[in-house]
Amino acid sequence: MFKVGEYVVYGHNGVCRIAKIGPLETVAKDKDRLYYTLIPFGETGSTVFAPVDSQKIPMRKIISKEEALLLIEEMKEIAVLGITEERKREETYKNALKTCDCKKLVSLIKTIYRRKQEREAQGKHLTAADSRYFRTAEHVLYDELAAALEIESGKVKDFISEKLGEE
């Protein structure tokens with residue numbers, strides 16, 4: 001069980017701070033069931049409720065600062081997702097997102113970025129699904145890195161570029 005004040009990754013909601021643990025006042029039939037009251041990272045006025053005993057959506061502690069720095073160092077070596085069938089592209093994206101695993105998110109971002117370059121070379125735009133998964137993966141990954149490194153989410157991309165020696 002997590003503690004109040006801890007940062008966790010909660011499914012596609014990404015990084016959240018645990019604000020409270022207890023029963024929901026609005027649910028009369030589940031008075032004995034405990035819920036995490038989660039506040040999404042970098043958002044105000046938004047709240048997520050997650051049952052403490054639920055296994056449906058993965059929840060884990062965020063990575064440490066050391067793990068975040070190591071992940072950034074390894075980013076160039078992380079492979080793109082192996083998509084052999086075009087029909088299974090979106091399913092592969094969805095499965096990578098569901099894992100809430102930072103390396104899988106990096107793979108997903110790299111895969112879609114490479115696809116974007118290939119499509120632009122053909123004079124085509126990125127598909128709406130590709131764009132949506134790219135934004136979601138970036139949001140979840142960058143928020144976790146921001147929380148671990150104690151920097152603003154908007155500065156993560158520049159931080160990564162600087163660490164990898166890129167422009």
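**Exercise 1. The crossing of H3 and H4**

Determine in which hand H3 passes H4 in this predicted model, and describe how the two helices pack.

*Solution.*
Step 1. In the predicted model, the crossing of H3 past H4 is left-handed.
Step 2. Two packed helices are described by the angle between their axes and by the distance between those axes.
Step 3. For H3 (residues 102–121) and H4 (residues 128–149), the angle is about 140° and the axes lie 9 Å apart.

**Exercise 2. The residues in contact**

Identify residues through which H3 meets H4, and state how the residues of this contact divide by character.

*Solution.*
Step 1. H3 contributes Cys102, Leu105, Val106, Leu108, Ile109, Ile112, Tyr113 and Arg115.
Step 2. Their counterparts in H4 are Asp130, Tyr133, Phe134, Ala137, Glu138, Val140, Leu141 and Glu144.
Step 3. The residues of this contact comprise 12 nonpolar and four charged, with no polar ones.

**Exercise 3. Two residues with positive phi**

For Cys100 and Glu150, give the value of phi, locate each residue, and decide whether each is buried or exposed.

*Solution.*
Step 1. Cys100 is a residue other than glycine with a positive phi, near 60°.
Step 2. Cys100 is placed in the loop between helix H2 (89–99) and H3.
Step 3. Because buried means under 20% relative accessible area, Cys100, at 3%, is buried.
Step 4. Glu150, also not a glycine, has a positive phi near 60°.
Step 5. The loop between H4 and helix H5 (156–164) holds Glu150.
Step 6. Exposed means over 50%, so Glu150, with a relative accessibility of 71%, is exposed.

Methods
Residues numbered from 1 in each chain as written. Predicted model: local features only at pLDDT ≥ 70, side-chain atom pairs only at ≥ 80, totals over all residues. Heavy atoms only, no water. Axes fitted to C-alpha atoms, helices over the stretch in contact; angles between N-to-C directions. Helix = DSSP H or I, 4+ residues; strand = E, 2+ residues; numbered from the N terminus. Left-handed = near helix turned anticlockwise from the far one by under 90°. Contact = heavy atoms within 4.5 Å. Nonpolar A, V, L, I, M, F, W, Y, C, P; charged D, E, K, R; others polar. Buried < 20%, exposed > 50% of the residue type's maximum accessible area, 1.4 Å probe, protein only.
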